[in-house]
Amino acid sequence: MKSEMIEKNYALAKERYASLGIDTDAALKTLEKTPISLHCWQADDVVGFERGEAASGGIMTTGNFPGKARNIDELRQDVEKVTSLLGGTYRLNLHETYGDFGGKFVDRDEVEPEHFKSWMEWAKERNMKLDFNSTSFSHPKSGNLSLANPDKGIRDFWIEHTKRCRRVADAMGRYQDDPCIMNIWVHDGSKDYTVNKYWYRKIFKESLDEILSEKLPNMKTCLEAKLFGIGLEAYTVGSHDFVAGYCSKNDLIYTLDMGHYEPTEDVSDAVSSLLLFVPELMLHVSRPMHWDSDHVTLFDDDSRNLFAELVRADALDRAHIGLDFFDASIDRIGAYMIGVRATQKSLLQAFLEPTAKLREYEAEGKNFQRLALMEEAKTLPIGAVYDYFNYTHNVPVGEEYIADVEKYQQEVTFKRK
């Protein structure tokens, strides 16, 4: 797209938004400094570098598009390619199984900060911060229950694993001089009806209490709820009720994953309620299709509503934004690009909403006017503003990135045999 057209379109869009009292320059500055945590597992279909096996334990990745990252160097290469095509600020979110193990097998209860030293150095060189996750799935001891397992030997294994993950996250936070956000999610549940719901949740609570008893100043822990997992459809130990209660009582960050709700629920409705009772939110931005299938995030109603609610609550500084989708049926770099750009557009639209005027109408009981303006705001020229954002960052504008991804396919990913 020609620079003259981009600048002209932005000037017109800026004037249109200004007529509603909205400063587009300020919105772009906010978008620029709002970090988005890229998820490493989109690059290799949640395989990691521990066992080289497909994901299991309540989750799975479908598709076999050629060119997935097979090792730590290829994964880093792909992340670098993605960030080279994007404007804005980015972090990188790692699962424990993505450590730099030097070709040696390191079991989950043996992981140390040293296994992520090269990641810390790599990220610092690229001005990126790291986030982290414990990994309870895809392991011989995963079974159906990990931290909620009545078997003390199995349970202690996962308690030790999670403790060590928190120490890794603390080391990351200390190294990067910025708190590392570490997420705890376990798949624990049952395929069919169980009569021991209370018992398993009591065990899970006790495991979490032990894990979180260690005070680590350079990291923040968040706990993620789940609706159900594959093969665990009837009962989930870490349900929304459990996690909301635990996080509220223990002043813990609540991880709100867009795919972990009933298909008919509007996930954005949870934002205002949770923010009244938990200190912060971790947002896992994804797209469910009938269930938690982790499709690539789109600029759809669910994404737009989520960030609109966050901005309306003036809580941008109380939320951490991370991506969580894994699609192996399309080009993985392309999936990153679609998902990140959709997230940025959703944020930008929230920043460009005529919220002050909408609140004025609402306070005055002018419900027709409020609804009418909300509808008109949907077609304001956000595209011209986002094009200008990318243009000023010297990255592809509009659909131009498609050619860049295709070129990377031919030169890099399609040559991975």
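# A tour from Cys165 to strand E4

Begin by selecting Cys165, which is buried, with a relative accessible area of 0%. Keep in mind throughout that this is a predicted model.

Show the sulfur of Cys165 and look for a partner. The closest cysteine sulfur belongs to Cys180 and lies 10 Å away, too far for a bond. A disulfide is a covalent bond between the sulfur atoms of two cysteines, and the cut-off used here is 2.5 Å between the sulfurs.

Next select Cys222. Is this residue buried or exposed? Cys222 is buried, and its relative accessible area is 0%. Its closest cysteine sulfur is in Cys247, at 8.3 Å, which is again too far for a bond. How many disulfides does the structure hold? The count is zero.

Now move to helix H4, residues 117–125. Colour its buried residues: Ser118, Trp119, Met120, Trp122 and Ala123. What do they pack against? Show helix H3 (72–84), strand E2 (89–95), strand E3 (129–133) and helix H5 (152–176), since the buried residues of H4 pack against these four elements.

Hide the rest and keep H4 and H5. Two packed helices are described by the angle between their axes and the distance between the axes. For H4 and H5, the axes come within 10 Å and cross at roughly 35 degrees. The crossing is right-handed. To see the contact itself, select Met120, Glu121 and Lys124 on H4, together with Ala171, Met172 and Tyr175 on H5. Sorted by class, this contact has four nonpolar residues, two charged ones and no polar ones.

Step off the end of H4 to Asn127. This residue, just after the helix, takes a positive phi of about 55 degrees.

Continue to E3 and bring E4 (residues 180–184) into view. In which sense do E3 and E4 pair? They pair in the parallel sense, over two bridges. To find one bridge, select Phe132 and then its partner in E4, Met182.

Finish on E4. Five of its five residues are buried, so the strand is mostly covered. In a regular strand the side chains alternate between the two faces of the sheet. Select Cys180, Met182 and Ile184 for one side of E4, then Ile181 and Asn183 for the other; both faces are covered, and these residues are all buried. Cys180 is also the residue holding the closest cysteine sulfur to that of Cys165, where the tour began.

Conventions: Residues numbered from 1 in each chain as written. Predicted model: local features only at pLDDT ≥ 70, side-chain atom pairs only at ≥ 80, totals over all residues. Heavy atoms only, no water. Buried < 20%, exposed > 50% of the residue type's maximum accessible area, 1.4 Å probe, protein only. Contact = heavy atoms within 4.5 Å. Axes fitted to C-alpha atoms, helices over the stretch in contact; angles between N-to-C directions. Left-handed = near helix turned anticlockwise from the far one by under 90°. Nonpolar A, V, L, I, M, F, W, Y, C, P; charged D, E, K, R; others polar. Pairing = 2+ DSSP bridges.
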